[in-house]
Amino acid sequence: MKVSIVVLNYNGLQNTLDCVESLKKLNKDDNEIKIVVVDNASSDGSKEKLSGLKGVELLINDQNLGYSGGNNVGIKHAIKRGADAVLILNNDTYVDTNLITSLVDTLKNADIICPKIYFAPGFEFHKKRYSKKDLGNVIWYAGGHIDWANILGRHDGVDEIDKGQFSKSREIDMATGAALFVKREVFEKIGYFDEKYFLYLEDMDFCVRAKKSGFKIIFEPKAVLWHKNAGSSSSGSQLQDYYITRNRLLFSFKHAQIRTKLAVFRDIASKLNQPTKRKAFIDFLMLKFGKGFPS
């Protein structure tokens, strides 16, 4: 199988170098693996350093297109060059050597697959909770579901020490965009990430569209990687607050029932004393999507 791995970089040079280094150690079996790095108009010298990497195809955007637009550039490139499947992978991850072989094997029974993802040691939410022997074995994602009442994606198993409680493949509602393995047929039928989102919830939107079109999403625990949580954008930041607020509204008005649409609208409208939420709310009303923060 021809597999392209798309890694998006935005001012994250060291993370991207570490990620690519782990990808070069992947077991291939009979698979053809190509690594595509998309630079989203970085200003930290990434383009110069990444252009010299052997075994890596570098695509350079002349502006920051966000997660959705930046990854779409890489996905379209991969599909155009004959990829049978594409792994969209956060640059703040590093992978197990058998990641691709496990994903390809599972693809016989699925259309979209997410691996089991651990916190990289030292990047846990609650660092004091774990002993040294637990590090690297604390779950960040073991499947996911959509909280339709609040229009948020929820990770199964987050913060739990892995003791085998998520050792079986199963069908899920939501795959995380941190590591998303997708058959080319999915893109050909439903298209790519909706670039209105720019950042956050575009993966949830993609999964809903895929499920509506009859595609099957699977969590595969035999496929493993580690995530340096919040390595790309700071958890709890104004940037995160803006995009999640605006995109909850966007997602709910695209996919949710009327009662949920109204509930999300009222919830955010009640918090307009917070400047970031107020800007996000106004931008939604003005149909201003794509990049919206901090401009």
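Begin the tour by selecting Ala179, which is buried, with a relative accessible area of 0% (buried means under 20% relative accessible area, exposed over 50% and partly exposed in between, with a 1.4 Å probe and protein chains only). The model is predicted, so local features need pLDDT of at least 70 and side-chain atom pairs count only at pLDDT 80 or more, while totals for chains, interfaces and linings use all residues. Residues are numbered from 1 along each chain as its sequence is written, and side-chain values use heavy atoms, with hydrogens and water left out.

Ala179 belongs to strand β11 (residues 179-183); helices (H or I, at least four residues) and strands (E, at least two) are DSSP runs, numbered from the N terminus. Display its surroundings next: beyond the neighbours within four places in sequence, Ala179 is in contact (heavy atoms within 4.5 Å) with Leu87, Ile88, Leu89, Ile113, Cys114, Pro115, Ile117 and Leu225. Then add Ile5, which is 174 residues from Ala179 in sequence but 9.9 Å away in space, C-alpha to C-alpha.

Move now to Thr101 in helix α4 (residues 99-106). Thr101 is buried, with a relative accessible area of 18%. A polar atom of its side chain lies 2.9 Å from the backbone oxygen of Asn98. Not counting residues up to four places away in sequence, Thr101 touches Asn27, Lys28, Asp29 and Asn31.

The next stop is a pair of helices. Two packed helices are described by the angle between their axes and the distance between the axes. Select α7 (residues 238-255) and α8 (residues 258-269): their axes come within 9 Å and cross at roughly 160 degrees. Axes are lines fitted to C-alpha atoms, for helices over the stretch in contact, and angles run from 0 to 180 degrees between N-to-C directions. This crossing makes α7 roughly antiparallel to α8 (angles under 35 degrees count as roughly parallel, over 145 as roughly antiparallel, 65 to 115 as roughly perpendicular and the rest as oblique). On the α7 side, the contact is made by Thr245, Arg248, Leu249, Ser252 and Phe253, and on the α8 side by Lys261, Val264, Phe265, Asp267 and Ile268.

Finally, keep α7 and add α6 (residues 202-212), whose axis comes within 11 Å of that of α7 and crosses it at roughly 10 degrees. That makes α6 roughly parallel to α7. Here Met204, Asp205, Val208, Arg209 and Lys212 of α6 meet Phe251, Lys254 and His255 of α7.

How values were computed
Polar contact = N/O pair within 3.5 Å; in protein donor to acceptor, adjacent residues only side chain to side chain.
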